[in-house]
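Visitor: I should like to take a close look at a single part of this protein. Would you please guide me through one helix and its surroundings?

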Amino acid sequence: MAVAVKAYAGRRPFIFLSYSHKDTDIAYPLIDELQKRGFNVWFDEGIHSGVQWKRTITEHINSCSLMIFLVTQNSLDSAECEKEIYFATEKGKRFINVVMGSPQLPDWFIFDFKRYQYVDQANFPSNKAMMNKLEEDLIFNGLNPEVQKPEIHQARPITSAKAPWVCKCCGSNNSGDDEVCEVCGSSDRYVAPKETPAPSPRETTSSGSTSRSTLSTSTVSGAVSTTTTRITSSTEYVPLTPQKTAVVDGITVGEGSISPTGFLGDTKTLPTSLYVRSGNEIYFGNYPQKKVTDTKILAGLNSGLLPLNPDQRIGGGKIHTPKIWTPFEYYIKSKRKDFMFFTDKIYNGKKYRGVFFTEPRQTAEKEGDSCQMYQEMRGYKCNVIHWFEYSPIKWRIIQKSGSVSYLICDLILDSQKYSFRNGVATVDYSKSDIRFWLNDHFFRTAFTPEERNYILLSTVDNSSDSTTYPRNPNACANTMDRVFLPSLKELTTLIKNAKEIIRVPSDYASCQGTFICNFDKTATGNGWWWTRSPTSTTTQYVHYITYKGELSNYYPQHTHFGIVPAIKVLLP
């Protein structure tokens with residue numbers, strides 16, 4: 001064996017590598033390179049003799065931060081690899097497919113796994129370029145490289161001199177000897193006060209209503225009027241140092257960009273051939289927006305797709321034509337359920353998106369929450385294909401520093417939850433579902449590969465200051481993203497008039513179930529939309545902008561809040 005590698009055996013966040021034993025000549029150099037770049041990798045050579053194999057595999061999948069599936073012909077033919085990746089999806093794990101060689105993808109893989117993040121060796125001029133892209137994807141998913149230090153492993157004592165702690169991310173109790181949460185791998189914690197020997201998260205909330213205030217250039221006051229008691233952090237929040245940054249016109253941005261040919265660098269000005277500009281308005285990228293009502297176009301779009309009804313669906317709600325219909329993977333009552341699907345189609349030279357659902361999307365994904373269904377109220381009925389035309393996305397320039405331009409979308413383009421997975425809601429933006437959705441589904445849908453090269457990988461400020469609350473216990477680490485939600489500070493300092501932050505949902509966002517005001521004549525047709533900033537309260541709330549341009553906040557598991565993306569590009 002040319003490369004000798006050792007499976008990670010510590011308590012820090014780690015990657016689970018799923019591979020075929022026939023591919024050790026491919027897997028081991030990959031592991032070696034990842035470890036050299038500062039990532040912890042576990043693979044099944046780390047199973048000690050006498051330990052049950054299946055139990056060890058499932059335990060490590062449960063506790064890993066991310067899975068890498070090494071996609072080769074051998075791994076696709078391996079029943080054990082198939083079990084591992086299906087188990088990981090059941091547990092809600094994010095993973096990246098790393099494709100080596102030219103494997104023939106089977107139908108089961110295309111149906112269930114091709115939608116996940118891909119790093120394909122064939123798309124890169126060298127292995128180094130491929131590893132650079134893989135490293136960028138891992139950083140985006142929250143696995144920051146770390147300096148490798150020797151770890152001392154010993155049996156866990158029953159008691160510890162160190163204070164036990166509660167995970168800020170998922171609420172799990174952890175021993176004082178735990179460096180990271182055993183459930184979710186997070187190191188963010190609430191530490192018990194000295195007089196509290198065994199902490200557990202507690203809340204006592206009196207009834208109260210959400211206070212609202214109009215946005216201005218001053219600090220925004222938008223906290224929830226509640227009385228709460230909670231364990232607080234013993235240390236002040238310190239944001240993580242961003243990885244691989246560069247400075248362009250005084251603005252810190254990331255180095256490299258997502259491209260089929262590897263890193264091109266984040267220093268290229270957006271060419272005028274890719275956008276249309278009028279003053280401070282930019283048309284760049286495309287997304288499904290306006291509903292198709294022309295009967296002739298609808299007949300052409302529906303050709304070959306109708307009829308679709310529940311009798312033509314199989315177990316789990318999956319359509320018989322998996323290469324045509326893709327599930328949105330939405331949740332109902334805390335469980336993922338395939339009830340809403342989409343497909344993209346080119347007709348007469350134009351691109352359209354079809355949406356089909358068998359039951360309405362609920363406004364709350366968490367079981368026990370009160371919910372409504374807004375789709376049918378807007379005329380989007382079940383068991384009917386609704387078509388939307390892709391059209392240029394309109395952006396507003398709200399800041400220009402040198403050639404770096406900060407753009408915010410002019411419409412509510414979609415409707416999504418902030419974060420809710422495996423029964424747990426979080427207001428940590430770095431770990432949120434909406435961050436992943438923006439930089440994965442939206443990024444790939446709205447922009448061509450060429451356009452993606454010119455969207456900056458920006459350092460996104462998630463500190464307490466960005467939320468306008470000093471020492472906000474719900475602030476999180478800075479992130480490096482292509483697409484992001486605006487923060488409270490950005491909205492209050494960069495937009496002078498509250499009316500300029502009011503947004504109207506597109507037809508497509510309405511079909512996704514977003515809220516639209518229909519009871520206030522002064523705001524009819526306006527919607528709600530998320531910021532990325534959490535409140536500072538113990539109750540888990542995230543700030544959003546109301547249909548009147550005011551500030552309010554709500555639970556992150558709700559789906560009827562609009563999405564107004566933001567990006568940064570270089571403009572002349």
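Guide: The following account concerns one helix, its ends and its surroundings. Please bear in mind that this is a predicted model. The helix is H4, which runs over residues 79-90. Its length can be checked by simple reasoning: at 1.5 Å a residue, its twelve residues should span 16 Å, and because the C-alpha atoms at its ends are 17 Å apart, the expectation and the model agree.

Let us turn to the residues that H4 hides from the surroundings. Cys-81, Glu-84, Ile-85 and Ala-88 are buried, which here means that each has under 20% relative accessible area. These residues cover an arc of only 90° around the axis, so they lie on the same side of H4. The general rule behind such a pattern is that an α-helix has 3.6 residues a turn, so residues three or four places apart point the same way.

What covers this buried side? Among the elements that cover the buried residues of H4 are three strands, namely S1 (15-18), S3 (66-71) and S4 (95-99). The helices H2 (53-63), H3 (73-76) and H5 (107-112) also belong to this cover.

The two ends of the helix deserve attention as well. At the N-terminal end, Ser-78 acts as a cap of H4, with a side-chain oxygen 3.4 Å from the backbone nitrogen of Glu-80. Beyond the other end, just after H4, Gly-92 adopts a positive phi of about 75°.

Terms used: Residues numbered from 1 in each chain as written. Predicted model: local features only at pLDDT ≥ 70, side-chain atom pairs only at ≥ 80, totals over all residues. Heavy atoms only, no water. Helix = DSSP H or I, 4+ residues; strand = E, 2+ residues; numbered from the N terminus. Expected span 1.5 Å × (residues − 1). Buried < 20%, exposed > 50% of the residue type's maximum accessible area, 1.4 Å probe, protein only. Arc of directions from axis to C-beta. Contact = heavy atoms within 4.5 Å. Polar contact = N/O pair within 3.5 Å; in protein donor to acceptor, adjacent residues only side chain to side chain.
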